[in-house]
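Biologist: I have a new model open. Can you walk me through how to read it?

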Amino acid sequence: TLITPPLSSSALDGITRKSILSFSKSLKIKSKIREITKEELKKADEVFLTGTAAEITPVIKIESKKIGVGKVGKITTQVMNTYSEIVMNNNKKFSKWLTNVY
């Protein structure tokens with residue numbers, strides 16, 4: 001399950017976040033919007049951040065605590081690959097999200 005904090009917690013209402021929440025359904029990945037504690041993050045199997053410039057950035061350590069096995073996880077990799085396919089127009093299911101620029 002993907003968990004993202006609500007916009008009321010100062011998370012930005014960005015296009016990358018919105019995109020992941022939308023296409024994760026097609027990957028059969030559930031998502032929840034709720035508060036997340038630092039302790040919960042430290043115990044997570046995988047953690048990633050999103051942003052327009054950074055796109056999807058895996059987090060493998062918080063402070064001195066390894067996240068999961070300390071490597072990019074399966075779900076994070078799947079989300080990163082799908083996002084890349086979409087923005088490079090290699091995923092026809094989402095090609096309507098793109099605008100041609102000439």
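Modeller: We will go from the overall fold to the cores, the aromatic rings and a few single residues. Keep in mind that this is a predicted model.

Biologist: Start with the fold. In what order do the elements of the protein chain run from the N terminus on?

Modeller: Read the elements first, then the extent. The order is β-α-β-α-β-β-β-β-α. That gives three helices and six strands. The C-alpha trace spans about 45 × 30 × 25 Å along its principal axes.

Biologist: How do I read the contacts along the chain?

Modeller: Look at the sequence separation. Among contacts between residues at least 6 apart in sequence, 56% join residues at least 24 apart.

Biologist: And the surface? What share of the 102 residues is buried?

Modeller: Buried residues make up 28% of the chain. The accessible surface comes to about 7,300 Å², and 56% of that belongs to carbon and sulfur atoms. For charge, compare mean positions. The 18 positive and 9 negative charges have mean positions 5 Å apart.

Biologist: Now the interior. Which residues form the largest nonpolar core?

Modeller: A core is read as a set of buried nonpolar residues joined through their side chains. Here the largest one has 11 residues: L2, I20, F23, L27, I29, F48, I56, V79, Y83, I86 and F94. Helices α1 (15–23) and α3 (74–87) each supply at least two of its residues. The largest share, three residues, comes from α3. There is also a second, separate core of five residues, with V47, V59, I62 and I67 among them.

Biologist: Take one core member. Which residues does L27 touch, beyond those up to four places away in sequence?

Modeller: L27 touches Q78 and T82.

Biologist: How do I read a helix against its surroundings? Which residues of α1 are buried?

Modeller: List the buried positions, then ask what covers them. In α1, T16, R17, S19, I20, L21 and F23 are buried. Their cover includes strands β1 (2–4), β2 (31–33), β3 and β4 (55–59), along with helix α3.

Biologist: On to the rings. How many aromatic pairs are there?

Modeller: The structure holds two. To classify a pair, check the ring centres and the angle between planes. Planes over 60 degrees apart count as edge-to-face. F23 and F94 have ring centres 6.4 Å apart and planes at 65°, so this pair is edge-to-face. The pair links distant parts of the chain, with F23 in helix α1 and F94 in the segment after α3, 71 residues apart. Both F23 and F94 are buried. With W97, they form one aromatic cluster.

Biologist: What about backbone angles? Which residue in the loop between α1 and β2 should I inspect?

Modeller: Look for positive phi outside glycine. K28 lies in that loop. K28 is not a glycine, yet its phi is about 65°. The cut-off for exposed is over 50% relative accessible area. K28 has 76% relative accessibility, so it counts as exposed.

Biologist: Where does N89 sit, and is N89 exposed or only partly exposed?

Modeller: N89 is in the segment after α3. Its phi is also positive, near 60°. N89 has a relative accessible area of 29%, so it is partly exposed.

Biologist: One last loop. Where is A44 found?

Modeller: A44 is in the loop between α2 (38–43) and β3 (47–51). Neighbours within four places aside, A44 is in contact with I67 and G68. A44 and E55 are 11 residues apart along the chain, and their C-alpha atoms are separated by 20 Å.

How values were computed. Residues are numbered from 1 along each chain as its sequence is written. This is a predicted model: local features need pLDDT of at least 70, side-chain atom pairs count only at pLDDT 80 or more; totals for chains, interfaces and linings use all residues. Side-chain values use heavy atoms; hydrogens and water are left out. Helices (H or I, at least four residues) and strands (E, at least two) are DSSP runs, numbered from the N terminus. Contact means heavy atoms within 4.5 Å. A nonpolar core is a set of buried Ala, Val, Leu, Ile, Met, Phe, Trp, Tyr and Cys residues joined through side-chain atoms within 4.5 Å. Buried means under 20% relative accessible area, exposed over 50%, partly exposed in between (1.4 Å probe, protein chains only). Rings of Phe, Tyr and Trp (its six-membered ring) pair if their centres lie within 6.5 Å; planes under 30 degrees apart count as stacked, over 60 as edge-to-face and the rest as tilted. Accessible areas come from the Shrake-Rupley method with a 1.4 Å probe; for residues, only the protein chains shown count as cover. Lys and Arg count as positive and Asp and Glu as negative; His and the chain ends are not counted. The place of a charge is taken as NZ of Lys, CZ of Arg, CG of Asp or CD of Glu.
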